[in-house]
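Biologist: I am new to this structure and would like a close look at a single part of it, followed outward to the parts around it. Please take one buried side chain as the starting point and explain each term as it comes up.

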Amino acid sequence: MVIQKEFGHLWELLSQIPDPEIPVINLVELGVIRKIEEKPDQDKVVITITPTYTGCPAKKLFNDLILEKLYENGYKNVELVSQLHPVWTTDWLTEETKAKLLKEGISPPTAENKIIQCPHCKSTDTRMISAFGSTPCQALYSCNKCLEPFNYFKCH
Amino acid sequence: MAITIDKEQAQFLVRLADTEMILGQRLCEMCSNGPFLEEDIALSNIALDLIGRAEQLYILISEIEGKGLSADDYAYRRNEREYFSIKLVEQPNTDFAWVIARQYLHDVYVKEIFTQLLSSKIDKVAGLSEKVLKEITYSHVHARDWMFRLGIGTPESNRRLQAAVDHLFKYAGELFAFDSIDKKFLSDITKLEQGWKSAVALTLAEANVKQPEIHKIYMRDYREGFHSEYLGHILSEMQFLPRAYPDAKW
Ligand SMILES: [Zn+2]
């Protein structure tokens with residue numbers, strides 16, 4: 001995603017928060033933070049968040065982590081706005097973020113879930129075990145070459 | 001105190017919200033009871049989607065109604081007669097074939113509805129519909145795959161799927177007994193009914209399952225708050241904690 005140039009210090013702070021379920025990437029990389037506005041006249045910060053999945057159990061935790069991080073850094077008056085539309089998509093994950101996932105053993109999303117790479121041996125000869133994995137955004141896969149199981153971050 | 005829903009737009013949305021909430025609760029009963037680990041996780045994931053979807057709908061309903069109630073108030077503080085879930089989703093997890101057939105028949109129905117709501121005049125309804133349609137694809141594909149696997153698997157799995165479909169079809173007539181509220185907020189009720197019937201007929205035929213007749217409703221309509229005998233039990237379990245400890249917080 002494109003990070004706004006404005007309020008860079010706030011973006012920097014929020015990018016220090018790891019995704020609670022996939023800690024190798026942070027909330028900014030996950031693309032859930034859509035907009036940050038600082039309103040000095042009201043001494044207030046407004047943050048727009050788009051959830052990954054409507055039923056994502058980490059939703060509430062995202063909010064708490066954001067409030068906590070900002071509070072620690074002197075922002076006491078923070079408003080969180082939840083916005084469903086435009087809907088969250090794995091297209092918002094940058095190439096760097098995808099590379100990071102692969103390096104950490106999670107196969108990154110690919111268009112239409114077609115070519116799925118094993119994060120262990122990098123083979124694309126893989127098969128799905130279950131479309132539903134340990135978190136709502138992942139599926140279970142297995143590699144036909146090295147036979148290792150792995151998580152795939154579903155294209156969404 | 002009874003919670004009433006007064007605006008027509010909200011009355012329409014609460015049917016969807018309650019349907020998703022109750023099916024989500026039914027699937028939660030499968031958590032740790034799935035036939036094998038991956039399937040257990042799949043059903044729990046689908047339950048999360050359903051409950052998350054219900055929550056978003058309750059939030060919208062609250063905004064439309066403007067009474068300052070929360071999603072929890074709508075889920076936990078209404079009685080059976082104040083609920084508007086379709087009877088299909090209240091049916092029990094008799095065996096895995098029931099779980100799958102119920103999910104499949106529901107997913108096709110709800111997909112058709114949200115497709116029509118993409119053109120809703122309320123931006124938030126249209127936006128949520130786009131989100132739901134993305135998410136429900138995984139559940140729909142999952143349920144349909146299992147329809148085939150059970151239907152053409154073994155004589156026993158076929159027998160069980162047929163029994164589930166025979167039972168669940170008793171509640172299919174109600175889906176299409178549209179009233180003036182449905183007609184107001186759905187763009188094309190005929191298309192909805194035809195879309196469901198043709199998709200379901202195709203899947204049943206491929207799964208080697210005989211399609212039961214769709215009877216006219218001989219039960220009173222969920223649109224007026226009438227339910228099967230199961231809903232009271234579902235709610236008593238689901239609402240126990242917030243009713244026993246009002247205003248309990250996490
Ligand atoms: Zn491999």
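Modeller: With a relative accessible area of 8%, Arg223(B) is buried, a word used here for under 20% relative accessible area, while exposed means over 50% and partly exposed anything in between (1.4 Å probe, protein chains only). The model is predicted, and for that reason local features need pLDDT of at least 70 and side-chain atom pairs count only at pLDDT 80 or more, whereas totals for chains, interfaces and linings use all residues. Residues are numbered from 1 along each chain as its sequence is written, chains are lettered from A and ligands numbered from 1 in the order in which they are written, and side-chain values use heavy atoms, with hydrogens and water left out.

Arg223(B) forms a salt bridge with Asp221(B), their closest N and O atoms being 3.0 Å apart; the term stands for a side-chain nitrogen of Lys or Arg within 4 Å of a carboxyl oxygen of Asp or Glu. The partner, Asp221(B), also counts as buried, because its relative accessibility is 11%. Through salt bridges that share partners, this pair belongs to one network that joins Arg15(B), Asp179(B), Asp182(B), Asp221(B) and Arg223(B).

Over all chains, the count by this rule comes to 23 salt bridges. One of them pairs the side chains of Lys124(B) and Glu63(B), at 3.0 Å from N to O, and this pair links distant parts of the chain, since Lys124(B) sits in helix H5 of chain B and Glu63(B) in helix H2 of chain B, 61 residues apart. Helices here are DSSP runs (H or I, at least four residues), as strands are (E, at least two), and both are numbered from the N terminus. Both partners are partly exposed, Lys124(B) with a relative accessible area of 49% and Glu63(B) at 45%. In another pair, the side chains of Asp73(B) and Arg77(B) meet at 3.9 Å, N to O; Asp73(B) is buried, with a relative accessible area of 16%, while Arg77(B) is partly exposed at 34%.

From these pairs the path leads to the boundary with the other chain. There, 20 residues of chain B are in contact with 24 residues of chain A, contact meaning heavy atoms within 4.5 Å. Chain B and chain A bury about 1900 Å² between them, 62% of it on carbon and sulfur atoms, where buried area is the accessible area (1.4 Å probe) that two parts lose on being put together, summed over both. Of the area that chain B buries against chain A, 37% comes from Lys131(B), Lys134(B) and Tyr138(B), more than from any other three residues.

Between chain B and chain A the count is one salt bridge, in which the side chains of Glu55(B) and Lys59(A) meet at 3.2 Å, N to O. The elements that give two or more residues to the side of chain B that touches chain A are helix H2 (37-65) and helix H5 (123-151) of chain B, and H2(B) gives the most, with eleven residues. By class, that side of chain B has six nonpolar, six polar and eight charged residues, with Ala, Val, Leu, Ile, Met, Phe, Trp, Tyr, Cys and Pro counted as nonpolar, Asp, Glu, Lys and Arg as charged, and the others, Gly among them, as polar.

On the side of chain A, Thr52(A) can be followed in detail. Thr52(A) lies in the loop between strand E2 (44-49) and helix H3 (59-72) of chain A, and it counts as buried because its relative accessibility is 5%. Leaving aside residues up to four places away in sequence, Thr52(A) touches Leu30(A), Val32(A), Trp88(A), His156(A), Lys131(B) and Glu135(B). Lys131(B), one of these, is also among the three residues that supply 37% of the area chain B buries against chain A.
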